[in-house]
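Dear colleague,

I am handing over the structure we spoke of, with its sequence, and below it you will find my notes on what turned up. Please read them alongside the coordinates.

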Amino acid sequence: MITQQHLAALRYLCHKRLVERSLSQESWAEHVQGLVGQNQWLQEQLLQLLTAHNDAAVVARCVLDLSLPTEQLPATVATELNRLRLQEGTTEAPFEDREDDHYQLPIAREDIHFLASWEALSRHQEELLQPGQVVGVDLEWKPSFCAGGRPRASLMQVAVEGRVFLLDLPKLLSPAGGPAPRAFSRLVSRLLSEPSVTKLGYGMAGDLRSLGASYPALAHAEKQLRGSLDLLQVHKQMRVVDMPAPGVDGARGPRGLSLLVQQVLGKPLDKTQQLSNWDRRPLGEGQLVYAATDAYCLLEVYWALCREPARFHLSGDLARSLRLGRSDRSRMQEPPRLQKALASPRQVPAEGVAIPEVRARAFRVVCDSMLQGLARSLRCLGVDVLVLGAGEDHRRAAEVARQEGRVILTSGLPYQKLRAQVGAGRCLSVDCSLRARQQAKAVLRHFNVRVTPADIFSRCQACNCDQYLKVSKDMMKQLVWLGSHPEGPSSTGDKTTQNEDERETGSAPEEAPGCGTYDPPCRWLEEADLRSRAPATLGNGTRLQLAGVPAGVLQRRALRHFYCCTGCGKVFWEGSHLGRVAAHFQEVLEGAPGSREPGQAPGPAGSSD
């Protein structure tokens, strides 16, 4: 009977590896070796199962990994086996590398934390138990291919926004009854019973029963559960209303959670590590990423359903739609309404919550390369803005944001991955259908940024530098006369685009509504600041862009001085552009008529949905 059970398990494993291709070569070889051992009859049966598959390279790899007898191999397999033996550094079959076909974990590798001691876990207690958040919960255990019940749970995954914690259950719960295991059990109980923390799972009740059966200290885990949402029930409702996608019941297509992820997020899960040995320590890199992905995808599915419930034929309130199985689980609490849940993934300020005010010059952001216009508008108001270069990887934005404490402003597909890497409130999706000025206003309101008249033009729109030198009219005339190099645009704004917002009209200086003329605090340019052999070049090597200074501007009687950016050398002078900018941003400019009162809570950014 045991031998026949092992043979049935071999058929199953060969089907998973060779037909479904949903099991890694390493996991397949480990399980098969444990089933076959030195049993000659099972080895022969395994060879028959393998040679029935037409891919000689895959069969040869299996034979080589298991050291199976080779006397009865087909000629094509034997030839491939000899080639593998001669080849140095053999590789896996080509179908293993299919990253582009599957859902990819949107957080960095360093945000996956494997915790095997209470000391390490205790440092993350506050993050795990934060009220009001949504967490994804999953379990893994070593598969069993013989009768005898489900094996002991080996790993518990808890995903929060931007991070995943992998909890080593055998380590954390031993020795039974010890102080560290008791502390861990209390933490799990608090997490499961806290109604303000929404727990997501897929078949969660079965997972918690297995957890309780594996460890007596957690025997009541299922009964303690409050404030949960089982996405398996959501999936069943989706499939009742909508037509099932191919593969719901078939052998080749994705099933279960993988199918749900495909239907909601566009790509299925890579399940090749699902049947790996979860009792092995240390876990392989592929196992760690798989375990984290299985838990984190629950969050992303939930957020997607929150954003577009109608698209998936769900009511506006997902919790009410499902009733959380209330007929037999009336003790459970409903999770937050979908409208409130939407606030987390898109960082929309919660209604009635005051956002701390930040000064424009202290507000620091990084924009993707598609938001050049927004970057110029924000710099115009004194905001410190870095912009990714064309073709630069979007992951660079997350690196800069973390290193320099900046907020990410992005558009399109990169938003989800970037948001997950920088944490709550540090990434905003900008509505590209809006004009740059409208985008800037939405960003300023969203983050409660205080802009004053003194902030206007306090930073160079071209290079983001906030250091200027004041140049007297006489010295500017002398520099223009000496300089003969065409250096490009030089008037207030960007002459390369010459749009309405940035073109200097040549009119006399005028005051902006509610504010005085432009006079930023900066020192005068002196001859000592210039290189002697290159009079139009600053000591730091920056060449002043003088070619765009019209002769007529130098003759204006009312014009007293010029300003040059020490970063890029652009030359500015006071004119009507100051008044136009103040008028354009009057509603967000403190002290201007019709502007928001200081301390008044901003409305949510309309561009952040």
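This is a predicted model, and its chain averages a pLDDT of 77, with 78% of the residues scoring at least 70. Two stretches call for caution: over residues 88–98 the pLDDT stays under 50, and the model has 18 contacts there beyond four places in sequence, while residues 321–353 are also below 50 and have 75 contacts beyond near neighbours in sequence. Where pLDDT is low, the predicted coordinates should not be read in detail.

Turning to the sheets, four strands form an open one with parallel pairing, in the order β9-β8-β10-β11. Since β9 (384–387) and β11 (427–429) stand at the edges with a single partner strand each, one side of each is left without a neighbour in the sheet. On average, and with direction ignored, neighbouring strands here are turned by 25° against each other. Strand β10 (residues 407–410) is joined to β11 by three bridges, the two running parallel, and Ile 408 stands opposite Cys 427 in β11. Two helices pack on this sheet, both touching β8, β9 and β10: the direction of α18 (residues 372–380) makes about 160° with that of β9, whereas that of α19 (residues 395–404) makes about 170° with that of β8.

A further open sheet has three strands in the order β13-β16-β17, and its pairing is antiparallel. Its edges are β13 (468–472) and β17 (571–573), each of which has a single partner strand, so that one side of each lacks a neighbour in the sheet. The average turn between neighbouring strands, direction ignored, is 35° in this sheet. Five bridges pair β13 with β16 (residues 561–565) in the antiparallel sense, and the bridge partner of Tyr 468 in β16 is Cys 565. Helix α22 (residues 473–482) packs on the sheet and touches β13, β16 and β17, its direction making about 90° with that of β13.

Lastly, there is a helix pair to look at. Helices α14 (residues 285–307) and α20 (residues 414–422) pack at an angle of about 125°, with their axes 13 Å apart, and are therefore oblique to each other; their crossing is right-handed. To the contact α14 brings Tyr 296, Glu 300, Trp 303 and Arg 307, and α20 brings Gln 416, Arg 419 and Ala 420, which by class amounts to three nonpolar, one polar and three charged residues.

With best wishes

Conventions. Residues numbered from 1 in each chain as written. Predicted model: local features only at pLDDT ≥ 70, side-chain atom pairs only at ≥ 80, totals over all residues. Heavy atoms only, no water. pLDDT = per-residue confidence, 0-100. Contact = heavy atoms within 4.5 Å. Axes fitted to C-alpha atoms, helices over the stretch in contact; angles between N-to-C directions. Parallel < 35°, antiparallel > 145°, perpendicular 65-115°, else oblique. Left-handed = near helix turned anticlockwise from the far one by under 90°. Nonpolar A, V, L, I, M, F, W, Y, C, P; charged D, E, K, R; others polar. Pairing = 2+ DSSP bridges.
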